[in-house]
Amino acid sequence: MTHSTTDPMTVLTGMYAAEAEYFAAGGPGGSSFDPLAPFFATDVVLHQAAGLPYGGIWRGHDGMEQFFRAMARTWESFDLLDQSFLATGETMVVHTWVRARSRATGRELTFPILQTITITDGRISEVHPFYWDTATIAAACETQSPDRAASA
């Protein structure tokens, strides 16, 4: 699948549709990243909060594939419930409510994410997600070790 528009809103909505198809087809390890690749610049940079299980800076298409694998290891489900596009220019601002279930603990959370997404030459070139409460998200995904459980 390719896309030929540089309109930021079309690029972003196209990427979300391709992402949904990617996960419906099996996601990381079960389907190809190829339908998503055209929406991301080859040197895309994704900045995730360090306190998250998938925190860090992810670069390029390989980095995005690794990020999606890390998300799949962390979350059994990760559903986008509601999205509001607050700014729709070259730098977009998207507010999303997410419902997710931790693969490690089975805990389900509903939380907001605010993202700034930069579109350059019709491709997503940089993404900065902002979570309200990274500690709660990380705790929901963490199983306690026997030593920690005994001291709690």
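Here is a short chat about a pocket and two residues in this predicted model.

Colleague: What volume does the largest pocket have?

Modeller: Quite a few elements share in its lining: helices H1 and H2 and strands S1, S3, S4, S5 and S6 each supply at least two residues. Nearest the centre of the largest pocket lie Glu19, Phe23, Phe68, Met71 and Phe78. As for the volume of the largest pocket, that's about 610 Å³.

Colleague: How many residues of the lining of the largest pocket are nonpolar?

Modeller: Start from the lining as a whole, which has 30 residues. Five of the lining residues are polar and three are charged. The nonpolar count is 22.

Colleague: Is Ile119 buried or exposed?

Modeller: Ile119 sits in strand S5, residues 108–120. Leaving aside neighbours within four places in sequence, Ile119 is in contact with Pro8, Val11, Glu90, Met92, Ile124 and Ser125. Its relative accessibility is 2%, and the cut-off for buried is under 20%, so Ile119 counts as buried.

Colleague: What separates the C-alpha atoms of Ile119 and Phe40?

Modeller: Along the chain, Ile119 and Phe40 are 79 residues apart. In space, their C-alpha atoms are separated by 8.8 Å.

Colleague: And His95, is that one buried or exposed?

Modeller: His95 is in strand S4. Setting aside neighbours within four places in sequence, the contacts of His95 include Asp82, Leu86, Pro112 and Trp132. The relative accessible area of His95 is 19%, and buried means under 20%, so the call for His95 is buried.

Note on methods
Residues numbered from 1 in each chain as written. Predicted model: local features only at pLDDT ≥ 70, side-chain atom pairs only at ≥ 80, totals over all residues. Heavy atoms only, no water. Helix = DSSP H or I, 4+ residues; strand = E, 2+ residues; numbered from the N terminus. Buried < 20%, exposed > 50% of the residue type's maximum accessible area, 1.4 Å probe, protein only. Contact = heavy atoms within 4.5 Å. 1 Å grid on protein atoms, 1.4 Å probe; cavity = no way out; pocket = protein on both sides within 12 Å on 5 of 7 lines; lining within 4 Å. Points joined across faces, edges and corners; volume = space filled by probe spheres on them. Nonpolar A, V, L, I, M, F, W, Y, C, P; charged D, E, K, R; others polar.
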